Amino acid sequence: MHNKGLGITVLQEFKWTKKMPLDTSLGKGSKQKISWSKKVLIILGFLFVLGAVALITVAVVQNKPLPKNMKYGIVLDAGSSHTSVYVYNWPAEKENDTGVVQQVEVCKVDGPGISSYSKDVEKAGLSLQDCMNTAKQVIPKKEHRDTPVYLGATAGMRLLSLDNNKIADKVLLSVEKSLRLYPFDFQGCRIITGQEEGAYGWISINYMLGNFKQSSSWMPFQQTSTETSGALDLGGASTQITFEPTDSINESPENFMLFRLYGKTYNVYTHSFLCYGKDQALRLRLANDVKNAGSTNLQNPCFNPGYVKNMSAVDLYGSPCTAKYKLFSSSFILITGTGDYHQCQQNLQDMFNKTECPYSRCSFNRIFQPELSGNFGAFSAFYFVMNFLNLTSEKDLSKVKETLKEFCSESWQQVKEKFPDIKEKYLSEYCFSGTYILTLLEMGYGFTSENWGNINFLRKIKGSDAAWTLGYMLNLTNMIPAELPSSPPLSHASYVGLMVLFSFLLASVVFIGWLYFWKPRCLQKGII
Ligand SMILES: Nc1ncnc2c1ncn2[C@@H]1O[C@H](COP(=O)(O)OP(=O)(O)O)[C@@H](O)[C@H]1O
Ligand SMILES: [Ca+2]
């Protein structure tokens with residue numbers, strides 16, 4: 001019996017003492033002492049349990065998330081084809097943390113982009129009203145005054161200002177006047193540069209992907225950082241490529257931007273090709289075709305067979321991208337589709353001049369580009385077109401080409417019947433747009449069948465649209481700190497958890513020590 005554990009022995013012996021007639025084993029004084037010790041033991045035990053419950057309650061209550069105080073920001077993306085109003089929000093206490101800003105609303109403005117209102121500038125401002133009213137409803141009234149509003153105009157306005165700077169200014173004034181009517185904190189309307197557009201797109205997607213987080217390894221004080229993802233943005237009037245090259249480069253400094261974000265320095269390559277957005281690229285191609293054919297009657301392999309379109313010369317030659325090609329006085333150009341992917345691609349290759357390069361390497365048109373590296377997020381029209389063609393997750397480049405070939409050869413009648421709900425302007429151009437995307441990525445930027453799989457065609461990341469707007473706002477509100485904020489090594493939850501655990505351990509040690517050294521009388525008697 002004594003080989004068994006001490007606890008069991010004590011319990012059994014104690015039972016035995018209890019059974020014994022009290023006045024034969026113990027005197028009256030001892031009896032009182034035992035009941036005293038018992039009481040003390042019970043009180044101590046009770047206090048111990050009470051302490052433990054109190055500690056756990058404090059830990060739980062302290063850890064309850066506080067009601068969030070949200071802040072808001074509005075960014076208007078005034079693109080060449082249309083304007084979108086983005087509303088973002090983030091918890092006020094955490095604004096410098098990475099990944100906390102989220103898109104809560106996106107409103108697509110009815111009508112064309114603001115650059116299309118050059119003949120009636122007042123309408124540019126008026127066009128924004130519906131979406132700004134939506135923003136007013138989405139944002140709580142008490143936050144209106146503290147909500148910054150930014151408008152950034154891209155390539156459509158860049159082209160308008162090249163064409164007529166004064167009218168571009170008038171358009172900007174009109175949208176400013178309109179935005180100032182709202183109860184928000186108006187911060188400015190401006191045309192952003194192509195470099196900014198590329199860089200903010202890169203910041204946006206890497207912020208949303210959580211790539212700026214410095215994850216600490218298990219070695220104390222050692223931080224490891226994630227690789228960043230490149231950004232590919234295709235608009236109507238310009239396109240951007242932005243990524244972090246592997247080697248340090250000292251060529252073409254105008255293509256580099258240096259950022260210090262969350263304690264790390266990023267040297268990012270970026271280039272924006274004006275006139276290489278898909279709408280201007282189509283005009284550029286058609287204007288060249290008219291010039292080469294010496295006729296305004298074009299057979300075009302980039303449109304489905306049976307498609308016929310009469311394009312006005314004003315539309316074709318109305319932008320600085322094509323103005324210099326104007327040869328004919330004819331007011332219309334007749335386009336007839338022949339639907340041949342291979343011919344279309346050959347035709348488009350002429351737009352990418354690979355012969356001259358003043359640097360060690362180039363993408364096209366004498367523009368420096370370092371070797372491609374890492375993954376790329378391809379958004380905006382890259383996504384819209386590839387999504388329509390069901391090619392966003394096709395990692396095999398030859399299959400992408402096959403699908404495109406098939407789609408281009410389908411008759412326009414068939415295509416229209418198959419997709420009755422899609423806008424005719426988009427539908428008629430998917431053969432051209434898909435072929436253009438492939439040619440730009442392959443011929444222009446140098447993607448191959450080996451690294452095609454590194455391109456992720458995406459529209460949203462964690463609920464927010466992939467667009468330059470988020471990066472623009474993060475930058476202008478100084479929400480990305482240059483250095484990592486010095487934070488305690490443990491999160492609040494881990495801190496409280498550990499405190500509870502150690503208190504338990506400490507109390508247990510004291511309790512066991514007390515049992516062992518001080519031996520309450522009742523137990524001592526039991527053992528003897
Ligand atoms: N559903 C869609 N299918 C195809 N193209 C689309 C779709 N939605 C938008 N687009 C195109 O995406 C492009 C967006 O460009 P935009 O941002 O307006 O111009 P930029 O960035 O050059 O100023 C336009 O060419 C527009 O036609
Ligand atoms: Ca755009």
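**Ligand shell and internal cavity**

The residues of the shell around ligand 1 comprise six nonpolar, eight polar and three charged members, as seen in a model that is predicted. In this model 17 residues surround the ligand, and the closest of these are S80, S81, T154, A237 and Y430. Among the helices, α9 (278–293), α12 (381–388) and α15 (424–444) each contribute at least two residues to the shell around ligand 1.

Polar atoms of three of the closest residues were examined in relation to ligand 1. An oxygen atom of ligand 1 lies 2.8 Å from a backbone N or O atom of S80, and a polar backbone atom of A237 is likewise found 2.8 Å from an oxygen atom of the ligand. For Y430, an N or O atom of the side chain is placed 2.7 Å from a nitrogen atom of ligand 1. Of the 570 Å² of accessible area that ligand 1 has on its own, 90% is covered by the protein.

A search of the whole structure for internal space returned one cavity of 30 Å³ or more, and the largest cavity holds about 30 Å³ of space. The lining of this largest cavity is formed by E197, G198, G201, A231, D233, Q240, T242 and F379. Two or more lining residues are given by each of α8 (194–209), β8 (230–234) and β9 (238–243), with α8 giving the most, at three residues. When the lining of the largest cavity is divided by class, two residues are nonpolar, four are polar and two are charged.

Methods: Residues are numbered from 1 along each chain as its sequence is written. Chains are lettered from A and ligands numbered from 1 in the order in which they are written. This is a predicted model: local features need pLDDT of at least 70, side-chain atom pairs count only at pLDDT 80 or more; totals for chains, interfaces and linings use all residues. Side-chain values use heavy atoms; hydrogens and water are left out. A residue is near a molecule or strand if one of its heavy atoms lies within 4 Å of it. A polar contact is a pair of N or O atoms within 3.5 Å; within protein, one must be able to donate a hydrogen and the other to accept it, and residues adjacent in sequence count only if both atoms are side-chain atoms. Accessible areas come from the Shrake-Rupley method with a 1.4 Å probe; for residues, only the protein chains shown count as cover. Helices (H or I, at least four residues) and strands (E, at least two) are DSSP runs, numbered from the N terminus. Ala, Val, Leu, Ile, Met, Phe, Trp, Tyr, Cys and Pro count as nonpolar, Asp, Glu, Lys and Arg as charged, and the others, Gly among them, as polar. On a 1 Å grid over the protein atoms alone, a cavity is a set of points where a 1.4 Å probe fits but cannot get out, and a pocket is an open set with protein on both sides within 12 Å along at least five of seven lines; lining residues have an atom within 4 Å of a point. Grid points are joined across faces, edges and corners, and a volume is the space filled by probe spheres set on the points.
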